Amino acid sequence: MFWTFKEWFWLERFWLPPTIKWSDLEDHDGLVFVKPSHLYVTIPYAFLLLIIRRVFEKFVASPLAKSFGIKETVRKVTPNTVLENFFKHSTRQPLQTDIYGLAKKCNLTERQVERWFRSRRNQERPSRLKKFQEACWRFAFYLMITVAGIAFLYDKPWLYDLWEVWNGYPKQPLLPSQYWYYILEMSFYWSLLFRLGFDVKRKDFLAHIIHHLAAISLMSFSWCANYIRSGTLVMIVHDVADIWLESAKMFSYAGWTQTCNTLFFIFSTIFFISRLIVFPFWILYCTLILPMYHLEPFFSYIFLNLQLMILQVLHLYWGYYILKMLNRCIFMKSIQDVRSDDEDYEEEEEEEEEEATKGKEMDCLTNGLGAERHLIPNGQHGH
């Protein structure tokens with residue numbers, strides 16, 4: 001059954017224009033053509049990137065964070081077996097009736113129980129150091145891959161003349177620069193997908209999964225159907241904005257509010273130009289309209305554009321959040337990522353205020369929660 005499915009899956013009519021066979025894309029005369037088997041290497045490369053990321057975060061991102069004054073915070077909570085069991089096995093957000101019962105059972109005041117649960121929730125929140133390390137790694141990769149993408153594409157005719165994207169399709173040989181551009185980009189998205197369960201989680205967690213899967217699916221499909229030229233254009237359009245976002249988050253976690261705001265405005269401008277203007281009116285025009293002058297519609301053409309349209313919907317989704325953040329920055333003078341958990345942000349802020357105002361009050365439940373922590377009101381949460 002597996003071999004039957006494999007033969008059906010790789011039927012030429014699903015992947016190639018009519019009259020074109022897989023045999024037409026065999027290597028010959030020193031020319032190399034794309035092969036699905038080339039993509040197998042992206043999985044081990046993804047794990048290699050995870051190792052490089054670990055080393056980078058420890059020896060580059062952490063010292064850099066320290067130079068910015070970002071330290072690892074230890075949030076302590078007074079041990080309480082009854083409250084801990086309720087937190088783990090019932091709910092992290094107890095109702096008022098639950099708080100009343102727990103206070104009676106533990107011989108505490110309701111206010112003390114509320115503080116304990118707030119502190120316990122904050123204990124599981126990722127620290128600013130962890131957020132900075134993640135943003136620093138993504139910034140470093142996006143910077144590297146953008147510079148590499150520009151170097152790979154600057155002398156290619158299809159960067160300046162979209163008609164060249166389809167010149168000779170699909171019998172277009174694979175260039176070494178195209179190979180490494182694709183392999184590195186796909187390996188990176190695989191590594192992000194593998195780390196989603198361990199990285200900082202936010203409200204758009206599901207959108208991130210969809211985005212990474214869509215990116216991997218799109219790159220894999222465009223590779224197998226030899227849409228390499230249009231694929232490289234899609235990648236450079238996306239990478240060019242992400243550098244500014246990650247740098248803005250780094251300065252946000254460091255508390256450099258003005259620098260963060262400036263970088264975020266730059267990111268927003270590039271995002272709206274690249275993904276809401278260039279992508280739909282340049283990339284989609286190239287993949288949706290121009291092929292019709294050379295080819296009749298076929299399955300992979302339809303499927304490719306369907307995936308690109310899904311990607312454009314995600315652009316609109318994130319564009320909506322960026323507008324909300326810009327609105328917050330302009331009218332509230334604060335850039336806090338609205339995709340993050342606002343409740344946790346408010347809880348930590350409230351806890352900081354309590355710590356600052358209680359003075360010499362001896363409250364064993366909140367003592368040691370981090371009196372030296374200083375909440376940066378701008379940009380605590382990132383992408």
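In this predicted model, helix α7, spanning residues 128-153, packs against helix α10, residues 228-254, with the two axes 8 Å apart and an angle of about 150° between them. Because angles over 145 degrees count as roughly antiparallel, α7 and α10 are described as roughly antiparallel to each other. Their crossing is left-handed. The contact of α7 with α10 is formed by 15 nonpolar, four polar and seven charged residues.

Helix α10 turns up again at an enclosed space. The structure holds four cavities of 30 Å³ or more, and the second largest of these has a volume of about 190 Å³. Its lining comprises 17 residues, with Leu218, Met219, Val234, Met235 and Leu311 lying nearest the centre. Helices α8, α9, α10 and α12 each give two or more residues to this lining. By class, the lining of the second largest cavity has ten nonpolar residues, six polar ones and one charged.

Attention now turns to the pockets. The second largest pocket offers about 370 Å³ of space. Of the 19 residues that line this pocket, Phe9, Trp15, Ser220, Phe221 and Cys224 lie nearest its centre. Two or more lining residues come from each of α1 (2-9), α2 (12-15), α3 (42-67), α8 (176-195), α9 (205-224) and α12 (299-332). The most is given by α9, with five residues. In the lining of the second largest pocket, 16 residues are nonpolar and three are polar, while no charged residue takes part.

How values were computed: Residues numbered from 1 in each chain as written. Predicted model: local features only at pLDDT ≥ 70, side-chain atom pairs only at ≥ 80, totals over all residues. Heavy atoms only, no water. Axes fitted to C-alpha atoms, helices over the stretch in contact; angles between N-to-C directions. Helix = DSSP H or I, 4+ residues; strand = E, 2+ residues; numbered from the N terminus. Parallel < 35°, antiparallel > 145°, perpendicular 65-115°, else oblique. Left-handed = near helix turned anticlockwise from the far one by under 90°. Nonpolar A, V, L, I, M, F, W, Y, C, P; charged D, E, K, R; others polar. 1 Å grid on protein atoms, 1.4 Å probe; cavity = no way out; pocket = protein on both sides within 12 Å on 5 of 7 lines; lining within 4 Å. Points joined across faces, edges and corners; volume = space filled by probe spheres on them.
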